[in-house]
Amino acid sequence: MTATAPLACVLAERHSVRGYLAKPVADDVLREVVALSRLAPSGANLQPGTFVAVQGEVRRALSADLLQAYRSQQQEAEDYSYFPSPMPMTLKRRQIASAKALYDALGIAREDRAGRDAQFERNFNFFDAPVALVLTIAHDLGSGCYMDLGMALYGLMLAAQSKGLSTCAIGAMASYPSLIRRHLSLDETSKIVCGVAMGYADPDAAVNQTRTSRVPLNDYFKTVG
């Protein structure tokens, strides 16, 4: 029990954090967390994907252009399909419940479109977290490599949590792959997977009270034989 209890705590405590303190994350801590993420399993040990830390003027310019693209309703072809189309109603209900949990925590009413848009725009500022990451993957890798990178991403989140840091994956970044490639000086062989915000959670931020539910075990687990 003593060996598994700390991990259970890290798993239970991790949640998406969208409000951060201004406290910086030491570079050696960030590098350790990223290195630990690579302990995730990987088919044939390919270890796909890269983690790009975006800082300084590059980060400011990237966020400004992402906000402009979103506000002007610019459209880009995404590098991969994230959601099913059409989305089954069973999944749509989960999506709606997730959004409700977020906006309820912020006191934003369903009909408050301006308030919802303002909150969504914070994705493109990496929620003002001290660390901004962009995850990429090579264009010629198979679908299984996305699974491997996903395990590394979760490893990153758990490693961060164990160091007292919080995280939030930012799928909205995948909507503007060409724009992101330009700012990060990446060529077309790099697919943009997502962004990640990382830092020390602001305990007083209302948005950090958001919690989403998980489906019951019997909905996704069964024993055969």
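Me: Is N45 buried or exposed?
Reply: The relative accessible area of N45 is 53%. Buried means under 20% relative accessible area, exposed over 50%, and partly exposed in between (1.4 Å probe, protein chains only). So N45 is exposed.

Me: In this predicted model, which residues do the totals for chains, interfaces and linings use?
Reply: Residues are numbered from 1 along each chain as its sequence is written, and side-chain values use heavy atoms, with hydrogens and water left out. The model is predicted: local features need pLDDT of at least 70, side-chain atom pairs count only at pLDDT 80 or more, and totals for chains, interfaces and linings use all residues.

Me: Where is the place of N45?
Reply: N45 is not a glycine, yet its phi is positive, about 55°. Helices (H or I, at least four residues) and strands (E, at least two) are DSSP runs, numbered from the N terminus. On that numbering, N45 sits in the loop between α2 and β1.

Me: Which residues is G49 in contact with, leaving aside its neighbours within four places in sequence?
Reply: G49 also belongs to the loop between α2 and β1. G49 is buried, with a relative accessible area of 17%. Contact means heavy atoms within 4.5 Å. Neighbours within four places aside, the partners of G49 are R38, T136, I137 and L149.

Me: How many Å apart in space are G49 and I192, C-alpha to C-alpha?
Reply: Along the sequence, 143 residues separate G49 and I192. In space, C-alpha to C-alpha, the distance is 9.7 Å.

Me: Which residues have the most contacts inside the largest nonpolar core?
Reply: A nonpolar core is a set of buried Ala, Val, Leu, Ile, Met, Phe, Trp, Tyr and Cys residues joined through side-chain atoms within 4.5 Å. In soluble globular proteins, nonpolar side chains tend to be buried together. The largest core here has 25 residues, and those with the most contacts inside it are L135, L156 and M198.

Me: Which element gives the most to this core?
Reply: The largest nonpolar core has 25 residues. At least two of them come from each of α2 (27–37), β2 (131–138), α6 (143–162) and β4 (190–199). With eight residues, the element that gives the most is α6.

Me: How many residues does the other core have?
Reply: Start from L135, in the largest core. Not counting residues up to four places away in sequence, L135 touches T50, F51, L149, L153, K191, I192, V193, C194 and V196. Apart from this core lies another, with F126, A129, C168 and I170 among its residues, and its size is 23 residues.

Me: At what angle do helix α3 and helix α5 pack?
Reply: Axes are lines fitted to C-alpha atoms, for helices over the stretch in contact, and angles run from 0 to 180 degrees between N-to-C directions. The axes of α3 (residues 56–71) and α5 (residues 113–121) lie 11 Å apart, and the packing angle is about 150°.

Me: Which residues in α5 do L67, Y70 and R71 in α3 meet?
Reply: A crossing is left-handed if the near helix is turned anticlockwise from the far one by less than a right angle, and right-handed if clockwise. α3 passes α5 in a right-handed crossing. There, L67, Y70 and R71 in α3 meet D117, F120 and E121.

Me: Are α3 and α7 roughly parallel or antiparallel to each other?
Reply: The two axes come within 10 Å and cross at roughly 160°. Angles under 35 degrees count as roughly parallel, over 145 as roughly antiparallel, 65 to 115 as roughly perpendicular and the rest as oblique. α3 and α7 are therefore roughly antiparallel.

Me: How do the residues of the contact of α3 with α7 divide?
Reply: The helix α3 side has V58, A61, L62, D65, L66 and A69, and the α7 side has L179, I180, H183 and L184. Ala, Val, Leu, Ile, Met, Phe, Trp, Tyr, Cys and Pro count as nonpolar, Asp, Glu, Lys and Arg as charged, and the others, Gly among them, as polar. The split is eight nonpolar, one polar and one charged.

Me: What does the cover of the buried residues of α7 include?
Reply: Helix α7 spans residues 177–184, and P177, L179, I180, R181 and L184 in it are buried. Their cover includes β1 (50–53), α3, β2 and β4.

Me: What is the relative accessible area of S185?
Reply: S185 comes just after α7, in the loop between α7 and β4. S185 is not a glycine, yet it has a positive phi of about 55°. S185 is exposed, with a relative accessible area of 68%.

Me: What is omega for the peptide bond that joins S85 and P86?
Reply: P86 lies in the loop between α3 and α4 (89–106). The bond from S85 to P86 is cis, with omega about 0°.
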